[in-house]
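User: I am in my first year and would like a close look at a single part of this protein chain. Could you take me through it slowly, in connected prose?

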Amino acid sequence: MGLYDKFSRLAAERSSLQSLDPSPFGTRIDVVYSSTRGRIGGTDVILAGTNNYLGLTFDEDAIEAARHALTVEGTGTTGSRMANGSYGSHSALESELATFLNRPSVMVFSTGYVANLGIIGTLAGPREVVLLDADCHASIYDACTLGGAEIIRFHHNDAKDLERRMLRLGDRAKDALIIVEGIYSMLGDVAPLKEIVDVKRRLGGFLLVDEAHSFGVMGANGRGLAEEQDVEDDVDIILGTFSKSLAAIGGFAAGRSSEMEVLRYASRPYIFTASPSPSVVASVRSALKTIAARPQLREKLWSNAQRLYDGLAALGYSMGPRVSPVVPVMVGSKEQGVKFWRALIDQGVYVNLVLPPATPSGVTLVRCSVSAAHTSVQIDQIIEAFAALRPSLKLTA
Amino acid sequence: MFTQDVILENVLVCLRDMIPGAETVGPDSDMVDDLGLESVKMMDLLMKLEDDYDLSIPINILMDVRTPRQLAASLIGYLEKRNGPV
């Protein structure tokens, strides 16, 4: 048996969908003009598949901060914080995030994926039980597997189902980890955190919320869904990423208690990963200040999200369940989805094609992500592109 | 009550409900290669079994499971490990 034989089914399926150029599984954005405009091949496109929710990738302050850090601290740290030491900027970022989130402890990781591995994978050992929303991100599943915990799924956004499954666990529920997300990345819906917290208050357990798509996006101060639903005190650990609203790369965990600090000495993904580069840390620190100082970015983001959602819904497309910066549009079969996605590029709009099994309920969807940096004219151009393609899809609203 | 044969029969019934045209599914059908069941669907099947039996069954038992017979055996093995003979 060959080294790659076990992937033959996957390879056959992908190659059948990959004859298009550009391919949805290897899109190359050849030129990035701004946070909302780029070029794919010979076609100029509006970038609406980026997770660049606040549009800060070209923020002048962030760029200047990164440039300064490059000059004074160099291109990389070349090692892990445990072995090689932390830079002052790592600690400063953790302190600033802790202040922003009003939490005593923050740990920074090199990516959001590693943050989940490093926190969940360390806490959820072989003797623990994790109850996770069935639609949680792959990084959360991977983290649970890494730790070796027993993994029990509950139906997506169904607090009653969570309660039913906790009751089945008996006493073990008191120490279980409950893991949900803020905004879910595929359908743009949000966790019913108040109801989940109510279950936790009655049955016990520890609550971890991954705010990857909701940090900077929800809440009066941008702290995420837990802030918006006024349950921050009930969330034991908030997980987040720097690669969306903060417009760089990295991840973090924010503990409700300083006890979380012990994980610096127990979390292998933290201990054995090179630390974030100085320029990345500098741009994140700058973006965090911007999020705190400019709530109007969130207002513009939600205004754009409402405009896009309403425009596409009016065209009769099958949409996600609520207005959100993640705007999914169901597009039928995989083959239809690939053609639709390609046609959108020809119309000057770049979005993400997402195929099952990465999508809930086996649907194929194109996912638009809205940015505060999109102009109203750009949002309308996206709607016009979808309008032009509407006759090609035999779908009902 | 939870014999391997009983569980296996229920798994087969569930699979026939989940997969159109899967009437010919058998105890040794490969759920991935023969039936095209993706990992998410396997986990959904397990959730249904949890509800049918009102038990907690972690998805960890799906590791290395390829056929309905292996699933039934893995499930029984887990229950015996946790609760003793079933």
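Analyst: Domain bounds, as the term is used here, come from an automatic or database domain assignment. The model itself is a predicted one, and its chain A is divided into domain 1, which covers 10-47 + 295-392, and domain 2, which covers 59-293. The part to look at closely is the sheet, and after it comes the place where the domains meet.

The sheet is open and has seven strands, which follow one another in the order β4-β10-β9-β8-β7-β5-β6 of chain A, with mixed pairing. At its edges stand β4 (105-109) and β6 (150-154) of chain A, and each of them has a single partner strand, so one side of each is left without a neighbour in the sheet. On average, and with direction ignored, neighbouring strands of this sheet are turned by 20° against each other.

If you look towards the β6(A) edge, you will find strand β5 of chain A, residues 129-133, which runs parallel to β6(A) and is joined to it by five bridges. Within this pair, V130(A) has I151(A) of β6(A) standing opposite. Helix α6 of chain A, made of residues 138-147, packs on the sheet and touches β5, β6, β7 (177-181) and β8 (206-210) of chain A, while its direction makes about 170° with that of β5(A). Helix α8 of chain A, residues 193-203, also packs on the sheet, where it touches β7 and β8 of chain A, and its direction makes about 160° with that of β8(A).

Turning to the meeting of the domains, the centres of domain 1 and domain 2 of chain A, taken over C-alpha atoms, are separated by 27 Å. Contact is made between 14 residues of domain 1 of chain A and 11 residues of domain 2 of chain A. On the domain 1 side, α12 (296-314) and β11 (326-330) of chain A each supply at least two residues, and the largest share, three residues, comes from β11(A). The residues of that side divide into eight nonpolar, three polar and three charged.

The helix α12(A) also has a helix partner, since its axis and that of helix α14 of chain A, residues 376-389, come within 10 Å and cross at roughly 20°. Angles under 35 degrees count as roughly parallel, and α12(A) and α14(A) are therefore roughly parallel to each other. Their crossing is right-handed. Among the residues that meet there are L308(A) and L312(A) in α12(A) and I379(A), I383(A) and F386(A) in α14(A); the residues of this contact divide into six nonpolar, three polar and one charged.

Notes. Residues are numbered from 1 along each chain as its sequence is written. Chains are lettered from A and ligands numbered from 1 in the order in which they are written. This is a predicted model: local features need pLDDT of at least 70, side-chain atom pairs count only at pLDDT 80 or more; totals for chains, interfaces and linings use all residues. Two strands pair if DSSP finds at least two bridges between them. Helices (H or I, at least four residues) and strands (E, at least two) are DSSP runs, numbered from the N terminus. Axes are lines fitted to C-alpha atoms, for helices over the stretch in contact, and angles run from 0 to 180 degrees between N-to-C directions. Two residues are in contact if their C-beta atoms, placed from the backbone, lie within 7 Å. Ala, Val, Leu, Ile, Met, Phe, Trp, Tyr, Cys and Pro count as nonpolar, Asp, Glu, Lys and Arg as charged, and the others, Gly among them, as polar. Angles under 35 degrees count as roughly parallel, over 145 as roughly antiparallel, 65 to 115 as roughly perpendicular and the rest as oblique. A crossing is left-handed if the near helix is turned anticlockwise from the far one by less than a right angle, and right-handed if clockwise.
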